[in-house]
Amino acid sequence: MRIGVFICHCGENIGRTVDCEVVAESCGRFPGVVYSVENKYMCSDPGQNIVKNAIKEKNLDGIVVGSCSPHMHEKTFRKACADAGLNPYLFEMANLREHCSWVHEDKVEATKKAIDLTRIAVEKVKRNDPLSPIRVPVTKRSLVIGGGISGIQAALDIANAGFEVVLVEKEPSIGGHMSQLSETFPTLDCSQCILTPRMVEVYQHPKIKLLTYSEVENVEGFIGNFKVTIRKKARSIDETKCNGCGNCQQKCPIKKKAYNEFEENLAFRPAIYVPFPQAVPNIPVIDRNACTYYQTGKCQMCVKVCGREAIMFEQEDSFVTEDVGSIIVATGYKLYTIDKKPEESEIKGYGEYGYGRYKDVIDGLQFERIASASGPTSGEILRPSDKTVPKKIVFIQCVGSRDEAKGFSYCSKICCMYTAKHAMLYKHKVHEGEAYVFYMDIRAGGKGYDEFVRRAIEEDHVKYIRGRVSRIYEEKGKYIVKGVDTLSNMNVTIDADMVVLATAMVAQPNAAKLAQTIGMSYDKYGFYNEAHPKLRPVEVSTAGVFLAGACQSPKDIPESVSMASAAASKSLVLFGSDILEREPTIAKVNESVCAGCFYCQKVCAYNAVERKEIKDRNGNVVKVIAYVNSGLCQGCGTCNAVCPSKSVELIGFTDEQIYAEINAL
Amino acid sequence: MEEKKFEPKIAAFVCNWCTYTGADLAGTSRLKYAPNIKMIRVPCTGRIDPVFIIKAFEKGADGVLISGCHPNDCHYNTGNFHARRRWILFKELLDFVGIDSTRLHFSWVSASEGKKFVDVVTEVVETVKNQGKFEKYAKINEEFFIHE
């Protein structure tokens with residue numbers, strides 16, 4: 001073989017710790033290497049041209065580039081090879097940056113290691129075969145998981161471009177957290193007023209199939225060809241018959257048994273309920289834990305008042321399968337809260353603030369409901385405990401966020417803004433009231449955001465205190481807030497009537513499970529990982545899956561909406577072509593050696609191994625061997641490792657190639 | 001007793017999706033670790049044939065690290081479970097083939113755990129340094145004069 005080695009300085013990134021000239025020179029002496037050079041930037045246009053020209057002039061049939069991670073530029077150089085007429089798979093990369101120069105300090109050692117890593121790549125490329133990508137058709141349909149503002153936006157964008165969308169929401173209605181908000185910063189727009197038209201548009205859109213009260217159960221397949229199983233949880237209502245008259249909800253005798261989730265447990269709801277008046281679809285659901293019928297077999301009041309015979313007590317969960325080409329994950333966030341039963345809550349933090357114990361120590365979403373015109377107090381700011389108007393409210397920021405001790409080191413990003421908004425809304429409604437905000441820093445980056453906080457301080461006279469609160473305790477109907485003002489270095493004691501905690505935004509509790517179902521990776525907090533933090537922020541490492549909104553990290557509404565539109569456009573890019581090219585690095589069976597033990601079939605996670613009969617000329621079956629369906633195989637290579645006769649091989653990572661790498665170590 | 005500074009040779013077999021990317025992150029974050037380790041990238045830990053490990057020891061590795069996605073987080077759904085089961089059995093056999101099984105290390109390092117990757121590598125390098133050179137196979141190689 002005639003191999004060319006190209007060592008990149010990456011400006012200073014590699015060159016500072018690795019002596020690239022020495023590496024190039026040493027590599028030039030490797031058997032099979034006929035050309036070895038270094039360059040400041042291999043990925044630049046001139047850098048790529050060096051590769052292209054060398055392929056032609058030196059008649060190279062194997063290329064090794066020692067530069068950054070293959071996750072970074074493998075595609076770039078493969079394309080350069082292809083442009084020069086060399087099969088793009090006769091190329092390997094040695095990771096001299098992420099795995100060498102950036103992590104080591106000793107120049108001699110790093111240079112030695114760089115030579116070794118390049119040698120490994122050279123030995124591998126000698127055994128590479130020319131390959132051509134597998135071509136597969138694209139199903140031009142999208143699945144959107146999560147019906148909050150992100151999911152709604154993504155679904156509408158794709159549907160308006162003329163492609164079908166399946167929108168799956170786990171709650172009985174779409175709308176998500178945004179539907180719970182009173183007003184939105186920094187304009188004080190009414191949240192529901194701007195959201196509900198979008199919700200209705202989703203419902204009426206001919207291209208959108210809306211599945212509420214449903215969850216994704218299983219995902220099979222790959223980019224362009226996913227097969228998704230969705231569990232439609234039993235609503236106990238015949239959706240085709242119900243016309244949303246609401247009689248059942250009014251007549252349901254369960255009045256004070258079930259907490260209203262939409263009102264953040266500040267109110268009760270019947271056992272048969274529509275989460276909120278503007279719910280989409282306007283179809284109720286029966287809470288089987290609260291409903292008398294499911295406990296005693298009696299009542300059936302809803303059946304009596306329903307004129308459409310829509311109540312179905314015996315309804316069971318059903319499953320639907322959808323074929324889609326792309327998946328947009330927009331599952332949002334959860335607030336770091338103590339549930340209505342603190343002892344059952346996963347989160348035990350902030351006992352010192354009386355959170356979960358004192359009725360008037362509430363979290364941000366609960367305040368949203370209290371401030372909301374459609375909320376339990378019809379928008380009047382009242383204490384949950386005795387329904388009186390609080391004269392003094394203390395707002396505490398960074399509750400959970402930026403607090404390693406509580407397990408969340410990150411900033412939740414939106415709390416500075418919504419706390420300013422809360423304080424402002426309170427002052428607008430209770431003019432003589434006093435609002436105090438304890439903060440660590442004010443993070444108000446965004447268009448009109450800092451101005452908004454200034455407005456709260458200067459026009460609405462919200463008192464900002466830089467410091468933390470150590471303790472809150474109850475005394476004669478007041479909540480004594482003990483804190484510190486670190487600017488004046490004084491202790492502060494405030495006798496508040498109500499305390500609002502800006503608790504952290506955390507990942508959904510089942511975030512990891514969904515990640516495992518789809519094959520995404522997630523960080524230690526449960527937020528999904530994007531493929532690249534800077535340049536591929538809406539893609540995940542699994543091709544064909546995109547992220548939108550707060551499931552990736554805490555973010556506000558405009559950011560979520562833009563991310564949703566970005567994810568939608570990424571889907572549409574995919575739908576722009578009829579045929580998709582996939583990596584050809586899949587398993588292949590050597591038919592003459594395979595003994596038909598089918599261990600490979602047992603370990604295959606994709607059911608990609610099939611049985612193939614080998615017949616003689618008379619049509620008699622001579623033997624049955626394994627056959628890999630190239631449409632299903634994902635190229636993990638587990639079959640390769642278990643095959644006793646080594647007759648199934650993972651192309652691109654064959655035993656021969658890996659042993660060659662080991663030998664070169 | 002006079003002791004020379006021993007720098008062990010460590011081979012790592014890592015999966016493309018989690019640990020390789022985690023190691024990339026360690027690089028991007030400019031974290032530092034010893035250069036003794038060299039990585040061979042495979043798509044999935046499920047691809048790693050136990051013979052690879054023996055081969056690595058035979059070729060002069062003093063320690064071997066296998067690392068992939070956390071259980072349940074495998075990019076290929078179940079590859080790491082197959083790998084885990086394989087190692088549980090294989091570790092028992094290592095001593096039989098004359099390799100001290102404590103020279104073989106396993107860990108799960110996800111794509112977001114650059115720091116963990118560094119910790120794992122540092123620990124492996126330290127452990128193997130203390131164990132000293134793995135000489136058994138080198139002797140066999142000498143005696144039988146095996147050449148490619």
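**Reading helix 11 and chain B**

Student: In this predicted model, what makes helix 11 (residues 364-371) of chain A count as mostly covered?

Tutor: A residue is called buried if 20 or more other C-beta atoms lie within 10 Å of its own, and 8 of the 8 residues of helix 11 of chain A are buried, so the helix is described as mostly covered. The buried residues include A:Leu365, A:Phe367 and A:Ile370, and among them are also the charged A:Glu368 and A:Arg369.

Student: What covers the buried residues of helix 11 of chain A?

Tutor: The cover includes strand 19 (333-335), strand 20 (361-363), helix 12 (415-429) and strand 27 (498-503), which belong to chain A.

Student: How do you know that the radius of gyration of chain B agrees with that of a compact globule?

Tutor: A compact globule with 148 residues would have a radius of gyration near 15 Å, and chain B has 16 Å, which agrees. As further description, 53% of the 148 residues of chain B count as buried, and the C-alpha atoms of chain B fill a box of roughly 45 × 30 × 25 Å along the principal axes.

Student: What makes up the side of chain B that touches chain A?

Tutor: The contact takes 41 residues from chain B and 40 residues from chain A. On the side of chain B, the elements that give two or more residues are helix 1 (19-28), strand 2 (37-42), helix 2 (50-58) and helix 3 (79-96), with the largest share, 6 residues, coming from helix 1 of chain B. The residues on this side of chain B divide into 19 nonpolar, 12 polar and 10 charged.

Key:
Residues numbered from 1 in each chain as written. Chains lettered and ligands numbered in written order. Predicted model: local features only at pLDDT ≥ 70, side-chain atom pairs only at ≥ 80, totals over all residues. Buried ≥ 20, exposed ≤ 12 C-beta atoms within 10 Å, placed from the backbone. Helix = DSSP H or I, 4+ residues; strand = E, 2+ residues; numbered from the N terminus. Contact = placed C-beta atoms within 7 Å. Rg over C-alpha atoms; globule rule 2.2 N^0.38 Å.
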